[in-house]
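Dear colleague,

I am passing on the structure we spoke about, so that you can open it and look at it yourself. Please have it in view while you read the notes underneath.

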Amino acid sequence: MPLPFPLLDAHLAITGKPLSPEVRTRLEAYAKFVETELEPVTYEVDRRARPYLSHHDTLGGDPEEVVLNAAHRAALQKIYQTGISTGPAEGRHPWWETFALGFLTTDVGCFCSATVTMATVFSLVKYGTEELKAKFLPTLLENGAARQGATWATEAQGGSDLGSNRARAKPTGEGGRFLLNGEKYFCSNVGAEFAVVTARPEGAPEGPKGLRLFFVPAKREKGGPNWKIRRLKEKLGTTSVPTGEVSLIDTEGYQLGTDQEGLYPTMEMLNVSRVCNAMGSAGVLYRALQVAMEHTRAREAFGRPLIDHPLMAVDLARLATEAETAGLLAFEPAFAFDAVWKDRPARTPGFLLFRYATHAAKLVTADQAVRGACATMEIFGGPGYLEEFPVAKLVRDALVVPVWEGGANRQSLDAWEVSVRAHPENAWLEQAAKVRDRADLPEGVQGFLERRLQAAQDPVGGELAARSKLQAISELRQMTLLARLAEGAGSGGRSSPEAQRARAFAEIFAVMRDGGPGSIVPMVMVANLLSAI
Ligand SMILES: Cc1cc2nc3c(=O)[nH]c(=O)nc-3n(C[C@H](O)[C@H](O)[C@H](O)COP(=O)(O)OP(=O)(O)OC[C@H]3O[C@@H](n4cnc5c(N)ncnc54)[C@H](O)[C@@H]3O)c2cc1C
């Protein structure tokens with residue numbers, strides 16, 4: 001089965017990480033597993049076998065257990081066995097391959113479980129003491145056992161505003177252990193064996209500066225549950241990951257990072273999840289494109305397949321362009337992370353560009369995923385609205401990606417903060433200006449680059465401009481990457497099929513973003529594009 005990403009090879013080549021035959025085989029095998037095994041299971045879970053909280057055992061006890069259907073558990077185990085959450089920590093494969101596995105997972109709920117496990121492993125490896133790692137890492141890395149992690153920061157009074165956290169941590173004076181007390185309001189993967197949890201140590205300042213991250217096992221040192229699950233949430237989608245509310249009651253935890261590092265471990269844990277959010281958004285778009293292509297080839301209206309009607313072909317070309325540009329941007333922080341993930345303090349120029357790329361990718365791809373999933377529902381017509389076809393779940397799942405890990409405004413404000421400090425985005429602007437100055441780009445593409453460069457350099461700044469600037473710079477980056485591919489970078493030159501496809505994507509992207517919804521996309525571009533999907 002081919003990988004669902006026509007330009008991946010070329011993009012990998014321009015970033016200097018060509019796909020080796022072994023990696024290709026691994027990714028293709030995983031994509032096949034997702035299509036043939038995981039997807040049927042997650043649809044069944046969604047419709048008939050959702051996780052539930054059990055309070056009983058046969059001996060009359062009242063243990064809390066999040067129960068997953070057996071097929072669901074088995075599928076999750078297969079996901080973990082790829083090393084999706086542990087591969088980089090084990091030295092099995094690089095971070096970008098882990099993120100690529102996430103992109104291929106397509107079920108947002110299962111990818112969420114893998115993401116929070118990955119972020120837990122990352123936090124322990126980077127910020128745990130040697131003693132803590134020796135105690136817990138071997139168990140967490142047991143792939144066969146599929147140990148899971150979780151990341152709990154949000155409380156009822158605040159998600160974006162983490163400084164409003166009320167959970168407290170008190171040192172016990174024994175083995176670096178703290179006792180945590182408080183309530184966590186959104187706790188995904190709540191049946192996990194380990195979690196990383198935010199809390200404020202006694203005497204630490206109020207606000208974000210006083211917040212620390214703690215590594216928390218589900219079982220206490222002397223046995224027994226280390227937190228109480230109050231209930232599972234009833235959610236619109238992502239039903240394959242249980243999300244609950246958790247009470248921390250003298251919960252044993254271990255601080256990650258030093259007091260000087262303060263909020264950094266928490267922010268870095270969040271950034272890993274944001275990269276996953278962007279990869280997951282691109283994955284949703286590719287799945288949407290795949291089912292839309294299948295449906296419009298099979299379904300006839302007015303005597304011919306839907307795909308052969310010009311306006312439907314334009315809809316499909318737009319969807320393909322959303323998928324491609326989302327994928328390209330999502331891979332930016334995914335590729336960048338390998339070089340910077342161990343940076344401590346996480347303030348090197350490379351790390352700051354990674355951070356900026358993460359906010360850009362999270363902002364834009366989430367919006368694209370929602371737009372693309374909703375467009376696919378319309379492409380399907382009536383069946384798109386029915387639960388027995390694949391699109392309804394895709395839309396419900398996609399709706400969470402703008403919310404998770406902070407909404408668009410949060411990403412914009414965080415990107416603005418890093419921009420004011422060091423302007424890491426200048427590297428992107430310089431590359432874009434070079435690309436724009438080449439004479440052989442289509443007029444529409446050059447105009448697009450010019451307008452985004454002007455918006456990026458607009459002297460009007462500050463909080464009010466934060467979102468429009470990040471949006472402009474993100475789209476500028478998407479177009480720069482397409483333009484470089486259209487010039488033949490990473491492929492066999494300007495006349496290669498990849499370069500031709502990139503050129504069509506670039507022209508359609510310019511029309512889509514600057515021409516408004518009714519703008520006319522030349523049919524020749526559309527035909528070029530669809531013939532290659
Ligand atoms: C299904 C699901 C699972 C989740 N799982 C987890 C989990 O496992 N762990 C966890 O910690 N959290 C989890 N969350 C919580 C999620 O990360 C938060 O919902 C998210 O961060 C937003 O926080 P909030 O809900 O408190 O909204 P708010 O912080 O109240 O934000 C509401 C809106 O205001 C905007 N906003 C916030 N600040 C500003 C500002 N300064 N200027 C302008 N606009 C602003 C936001 O962008 C957003 O659009 C989950 C959420 C969902 C829906």
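Below is what was found, going from the whole protein to the place where two of its domains meet.

Please keep in mind that this is a predicted model. The protein contains 17 helices and eleven strands, and its C-alpha atoms fill a box of roughly 70 × 50 × 40 Å when taken along the principal axes. The radius of gyration is 23 Å, which agrees with the value near 24 Å that a compact globule of 533 residues would have. Buried residues make up 50% of the 533 residues, and, among the contacts with a separation of 6 or more, 73% join residues that are 24 or more positions apart.

The chain is divided into domain 1 (8-140), domain 2 (151-260) and domain 3 (265-531). The centres of domain 1 and domain 2, taken over C-alpha atoms, are separated by 21 Å, and 27 residues of domain 1 are in contact with 25 residues of domain 2.

Which parts of domain 1 supply at least two residues each to the side that touches domain 2? These are helix H2 (21-48), strand E1 (52-54), helix H6 (108-127) and helix H7 (130-140), and it is H6 that gives the most to this side, with eleven residues. When the residues on this side of domain 1 are divided by character, 15 are nonpolar, eight are polar and four are charged.

With best wishes,
A colleague

How values were computed. Residues are numbered from 1 along each chain as its sequence is written. This is a predicted model: local features need pLDDT of at least 70, side-chain atom pairs count only at pLDDT 80 or more; totals for chains, interfaces and linings use all residues. Domain bounds come from an automatic or database domain assignment. Two residues are in contact if their C-beta atoms, placed from the backbone, lie within 7 Å. Helices (H or I, at least four residues) and strands (E, at least two) are DSSP runs, numbered from the N terminus. Ala, Val, Leu, Ile, Met, Phe, Trp, Tyr, Cys and Pro count as nonpolar, Asp, Glu, Lys and Arg as charged, and the others, Gly among them, as polar. The radius of gyration is taken over C-alpha atoms; the globule rule is 2.2 Å times the number of residues to the power 0.38. A residue is buried if 20 or more other C-beta atoms lie within 10 Å of its own, exposed if 12 or fewer, and partly exposed in between; C-beta atoms are placed from the backbone.
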